[in-house]
Amino acid sequence: MSTATPTPRPAALLMSFSTSAGAVVEVSAVDRSSAPYRWTCSAGHDGGRAYASLPFCRDDAKAHAGECLGVAPDPAVVEKVRVALGYRAGWKPNRHLGEIATRLTVWSQVELNEIFERVGGTVTTREVERSTSDGSSTWMATEITLTVVVPGVGPVEVVTDIEDDPEHGYRTDVPVVAVARYRAAAAHCRALAADGDFDGCLPVQDEMAMCRCQLERAGRLDLIGAA
Ligand SMILES: [Zn+2]
């Protein structure tokens with residue numbers, strides 16, 4: 001018996017328009033929802049919303065193609081990023097996820113951790129509000145960003161969301177997450193101490209100790225400069 005790994009369904013390309021600067025604006029159906037249409041531009045732009053109406057999406061895409069002066073990513077830059085992150089040959093940023101060569105998305109904290117353990121980098125977190133593609137509901141998520149400096153390119157960000165539910169919640173046994181939480185807690189603790197709230201620091205210090213312990217178990221205390 002074989003087990004299939006679920007992979008995101010590729011978006012169906014419906015039409016494309018060229019810009020005067022040589023970028024390409026594509027209209028695609030990305031899912032089977034009631035608002036499946038999106039447009040993206042190879043210069044790193046997108047419609048910022050999902051459309052229920054293909055004609056509206058097409059008109060906006062066409063209007064953007066008429067005015068966009070952005071330049072599509074240099075293939076040499078994409079190749080440097082691909083090699084630095086250890087991606088397979090032929091990899092390129094997925095525009096339907098809003099990716100550009102210097103800002104990429106991965107599906108999970110485990111996947112982000114694989115890149116982190118392979119190439120290093122710095123880790124930061126922030127709270128973000130997310131919404132479904134049709135805007136019918138919103139939720140808060142923690143976004144973890146891994147920044148890797150790629151020679152000849154500069155900083156490249158790789159991001160993933162951690163949603164606070166039992167299945168997808170924090171995996172502090174994963175070093176990239178432990179480092180992110182440790183750094184966030186350390187900053188929180190410094191802010192509390194600056195306000196003289198030393199009692200407030202105690203639970204935050206517990207969290208730092210817990211993260212430190214996880215990193216020690218993974219043999220990666222070096223990641224917080226404490227090896
Ligand atoms: Zn554009």
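These legends accompany three close-up views of a predicted model.

**View 1. The zinc ion and its protein donors.** Four residues hold out a donor atom here: Cys41 through SG, His45 through ND1, His64 through NE2 and Cys68 through SG. Their distances to the zinc ion run from 2.0 to 2.3 Å. If you like to check geometry, the angles among the four donor atoms are 100 to 118°, and the site is tetrahedral. Along the chain, the donors of the zinc ion are spaced as C-x3-H-x18-H-x3-C. Two of these donor residues can also be described by their accessibility: Cys41 has a relative accessibility of 1% and is therefore buried, the cut-off being under 20%. His45, with a relative accessible area of 32%, is partly exposed.

**View 2. Ala180 and the residues it touches.** Ala180 sits in helix H4, which covers residues 175-194. Is Ala180 buried or exposed? Its relative accessible area is 1%, so Ala180 is buried. Leaving aside residues up to four places away in sequence, Ala180 touches Val123, Thr125 and Ile144. For Ile144, the separation from Ala180 is 36 residues in sequence, while the C-alpha to C-alpha distance is 7.2 Å.

**View 3. The second largest pocket and its lining.** This pocket holds about 420 Å³ of space. Its lining consists of 15 residues, and those nearest the centre of the pocket are Arg88, Trp91, Lys92, Asn94 and Glu99. For anyone thinking about chemical character, the lining has seven nonpolar, three polar and five charged residues.

How values were computed:
Residues are numbered from 1 along each chain as its sequence is written. This is a predicted model: local features need pLDDT of at least 70, side-chain atom pairs count only at pLDDT 80 or more; totals for chains, interfaces and linings use all residues. Side-chain values use heavy atoms; hydrogens and water are left out. Donors are N, O and S atoms within 2.8 Å of the metal (3.2 Å for Na, K and Ca); water is not among the atoms, so sites may look incomplete. Four donors count as tetrahedral if all angles lie between 85 and 135 degrees; four count as square planar and six as octahedral if opposite donors are over 155 degrees apart and all others between 65 and 115; anything else is irregular. Buried means under 20% relative accessible area, exposed over 50%, partly exposed in between (1.4 Å probe, protein chains only). Helices (H or I, at least four residues) and strands (E, at least two) are DSSP runs, numbered from the N terminus. Contact means heavy atoms within 4.5 Å. On a 1 Å grid over the protein atoms alone, a cavity is a set of points where a 1.4 Å probe fits but cannot get out, and a pocket is an open set with protein on both sides within 12 Å along at least five of seven lines; lining residues have an atom within 4 Å of a point. Grid points are joined across faces, edges and corners, and a volume is the space filled by probe spheres set on the points. Ala, Val, Leu, Ile, Met, Phe, Trp, Tyr, Cys and Pro count as nonpolar, Asp, Glu, Lys and Arg as charged, and the others, Gly among them, as polar.
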